[in-house]
Amino acid sequence: MVNWDPDKSLISSIPEIHHSKIAKFLESEGFSELAFEVTPDPEHKFELALTLNLIEKAYVIAEVAADAKDKYWWIGDICLQTGDFDLA
């Protein structure tokens, strides 16, 4: 693992076309929270939201997804496991 603290202002100065690759790199280096903020890819953002237990944000992402039914299934499963019956 790289021993550094990524600077958000530096990332914002990089053209957005590279943000998906940056987000995947950040995730691989253990900076999943920052990767969630950086990635423009809705699928990657959904997966990171589930990984980070940001279930309500995952739900919002699922609402506009083409494969929403599958995403709702994942969210419902996690909610049932964690006892969040209102969102499930």
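A salt bridge here is a Lys or Arg side-chain nitrogen within 4 Å of a carboxyl oxygen of Asp or Glu. By that yardstick, D67 and K71 make one, with N and O 3.0 Å apart. Keep in mind that this is a predicted model. The structure holds two salt bridges, and K71 takes part in each of them, pairing with D67 and with E43.

**Overall fold**
- The protein chain has six helices and zero strands, so there's no mixing of element types to follow: it simply reads α-α-α-α-α-α from the N terminus.
- Along the principal axes, the C-alpha atoms fit a box of roughly 40 × 25 × 15 Å.
- Contacts between residues 24 or more positions apart make up 26% of those with a separation of 6 or more.

**Surface and charge**
- The protein chain has 88 residues, and 34% of them count as buried.
- About 6,000 Å² is exposed, with carbon and sulfur atoms supplying 55% of that area.
- On the charge side, there are 7 positive and 17 negative charges, and their mean positions sit 5 Å apart.

**The salt-bridge network**
- E43 pairs with K71, and their closest N and O atoms are 2.6 Å apart.
- Since E43 is in helix α4 (residues 42–51) and K71 in helix α6 (residues 68–82), this pair ties together parts 28 residues apart in sequence.
- K71 counts as buried because its relative accessibility is 3%, under the 20% cut-off.
- D67 is partly exposed, at 32% relative accessible area, and E43 is also partly exposed, at 33%.
- Shared partners join E43, D67 and K71 into one network.

Methods. Residues numbered from 1 in each chain as written. Predicted model: local features only at pLDDT ≥ 70, side-chain atom pairs only at ≥ 80, totals over all residues. Heavy atoms only, no water. Helix = DSSP H or I, 4+ residues; strand = E, 2+ residues; numbered from the N terminus. Buried < 20%, exposed > 50% of the residue type's maximum accessible area, 1.4 Å probe, protein only. Contact = heavy atoms within 4.5 Å. Areas by Shrake-Rupley, 256 points an atom, 1.4 Å probe, with all protein chains shown as cover. Lys, Arg positive; Asp, Glu negative; His and termini not counted. Charge placed at Lys NZ, Arg CZ, Asp CG, Glu CD.
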